[in-house]
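Student: I'd like a close look at one helix packing. Start with its geometry, then set it in context.

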Amino acid sequence: MKSWLIVTPYFAPDLEYQEWVLIKGLARLGHRVVVLTKAGEATSEEAQRKLAPFPTVKVERLRCLTARNTFWPFPSDLSHLARDVDGCVLVAPIHGFAYFVAKRLPASLPMTAIFSEFQLWKQPWLAKVIKRRWYRWLFARCQRLCATTPFGIELISRKGAKLYPEKLRWTALPFDEEDFFWPPPAGRPPRPAKPRWLISPTRMSRLKPVGEWLRTVIVFLKSHPDWNYRMIGLSDNTLRPELEEIIEKAGMRGRVEIHGMLKGSELLEYYWDSALALYFRPSIGIQQALATGIPLVTARRATVVDHLIREDFNGYFYEDLASLPDVLTKAAAKSWDTRESLSEFAMQWNSRSYVRNVLDV
């Protein structure tokens, strides 16, 4: 059994972020974990309930100064955290929290940095200059530089890590294999043969062209009477009247369902009953759908998921909304591989496999 220090600005088990799946993977493999995060994280009753089954996971918190999405932890003695620790993982160091903590830890402590979204390049020029210095230090300091997507690896490489090619390692965003899986438990009623269900779990708000997405799918539904559609993730209920009007005018009442935000267990039930998933943008839901053995369709511009989808094996890409109905038609007509094999392919990104890939444990 090893001990790990996970340094992350965000730690919200109730939201299932990648750091939480990483920590569960370590705990499930028998490792001890100390999570160092900013004050206020993982304090909800739901977070405490989810932490309870993992007694080898301990959470400590630091107070921080905050400016936008950057966090400066107050000075603190961290020697007790580094004692008897075999390795340290810095999650999302772009936010500053993990960077400043790492500067205080012993130089002998092995470190891995995990980069996800690069919000740095959207920040004012002065912040970019400062944070580039942080990255250069991290590139040199860490033994591994990990990115959740090939796109992230490309960005890291262009911004300085090309000096350390032996440190680079990519991995997908992980999912919890105990929350999303196939087959369903014995005794659960089989999914209906007709109609077949298309599912889109996506956060729906006025910042996205949800109505345009829905109208495009309805074009497909009109020529495929044996298919129905579920959109899941309505976060702005003021959108509902507009979406229901689109459904009513298209004559699709009873064939299109709009749902709000769902818990993982509720979403899993809908995945099991679906035959195909549609994603308009990159999403952790892509791995969740694949874990339940569903083939999927997503936008070609979503290059961050190229490593998840093998065209004609577990999904298709579409170029733009105009081409989407034809791609859905092709996917609906295809005889896909068994759900067991599609689910097995996705298991390389579950919590245990993710940990083994990132940390060699």
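In which crossing, left-handed or right-handed, does helix 7 pass helix 8?

Tutor: The crossing of helix 7 past helix 8 is right-handed (the near helix is turned clockwise from the far one by less than a right angle; anticlockwise would be left-handed). A word on the basis: this is a predicted model, in which local features need pLDDT of at least 70, side-chain atom pairs count only at pLDDT 80 or more, and totals for chains, interfaces and linings use all residues. Residues are numbered from 1 along each chain as its sequence is written, and side-chain values use heavy atoms, without hydrogens or water.

Now the geometry. Helix 7 spans residues 210–222 and helix 8 spans residues 240–249 (DSSP runs numbered from the N terminus: H or I of at least four residues for helices, E of at least two for strands). The two pack at an angle of about 20°, and their axes lie 10 Å apart (lines fitted to C-alpha atoms over the stretch in contact, with angles from 0 to 180 degrees between N-to-C directions). Helix 7 is therefore roughly parallel to helix 8 (under 35 degrees; over 145 is roughly antiparallel, 65 to 115 roughly perpendicular, the rest oblique).

Next, who touches whom. Helix 7 brings Val-210, Gly-211, Leu-214, Arg-215 and Ile-218. Helix 8 answers with Leu-243, Ile-246 and Ile-247. Contact here means heavy atoms within 4.5 Å. By class, the residues of this contact are 6 nonpolar, 1 polar and 1 charged (Ala, Val, Leu, Ile, Met, Phe, Trp, Tyr, Cys and Pro are nonpolar; Asp, Glu, Lys and Arg are charged; the others, Gly among them, are polar).

Helix 7 also matters for the interior count. The largest nonpolar core has 35 residues (buried Ala, Val, Leu, Ile, Met, Phe, Trp, Tyr and Cys joined through side-chain atoms within 4.5 Å; buried is under 20% relative accessible area, exposed over 50%, partly exposed in between, with a 1.4 Å probe and protein chains only). Helix 7 supplies 7 residues, the largest share of this core. Tyr-229, Leu-278 and Val-297 have the most contacts inside the core. Tyr-229 links back to helix 7: among its contacts beyond four places in sequence is Leu-214, which also meets helix 8. Other partners of Tyr-229 include Trp-197, Val-217, Leu-221, Arg-255, Leu-278 and Phe-280. A second, separate core has 33 residues, with Val-34, Ala-82, Ala-113 and Ala-147 among them.

Phe-115 touches that Ala-147. Its place is in strand 7, residues 111–115. Phe-115 is buried, with a relative accessible area of 2%. Its other contacts beyond four places in sequence include Pro-93, Tyr-135, Phe-139, Leu-145 and Ile-156.

For contrast, take two further helix pairs. Helix 4 (residues 97–104) and helix 5 (residues 125–141) pack at about 50°, with axes 11 Å apart. Helix 4 is thus oblique to helix 5. The crossing of helix 4 past helix 5 is left-handed. Tyr-99, Phe-100, Ala-102 and Lys-103 of helix 4 make the contact with Trp-134, Trp-137 and Leu-138 of helix 5. Its residues are 6 nonpolar, no polar and 1 charged.

Helix 1 (residues 18–28) and helix 13 (residues 351–359) cross at roughly 90°, and their axes come within 8 Å. Helix 1 is therefore roughly perpendicular to helix 13. Gln-18, Val-21, Leu-22, Gly-25, Leu-26 and Arg-28 of helix 1 meet Ser-351, Arg-352, Tyr-354, Val-355 and Leu-359 of helix 13. This contact has 6 nonpolar, 3 polar and 2 charged residues.

Last, some backbone details beside these helices. Asp-360, in the segment after helix 13, has a positive phi of about 55° although it is not a glycine. Asp-360 is partly exposed at 47% relative accessible area. Ala-92 sits in the loop between strand 6 (87–91) and helix 4. Ala-92 is not a glycine, yet has a positive phi of about 55°. Ala-92 is buried, at 12% relative accessible area.
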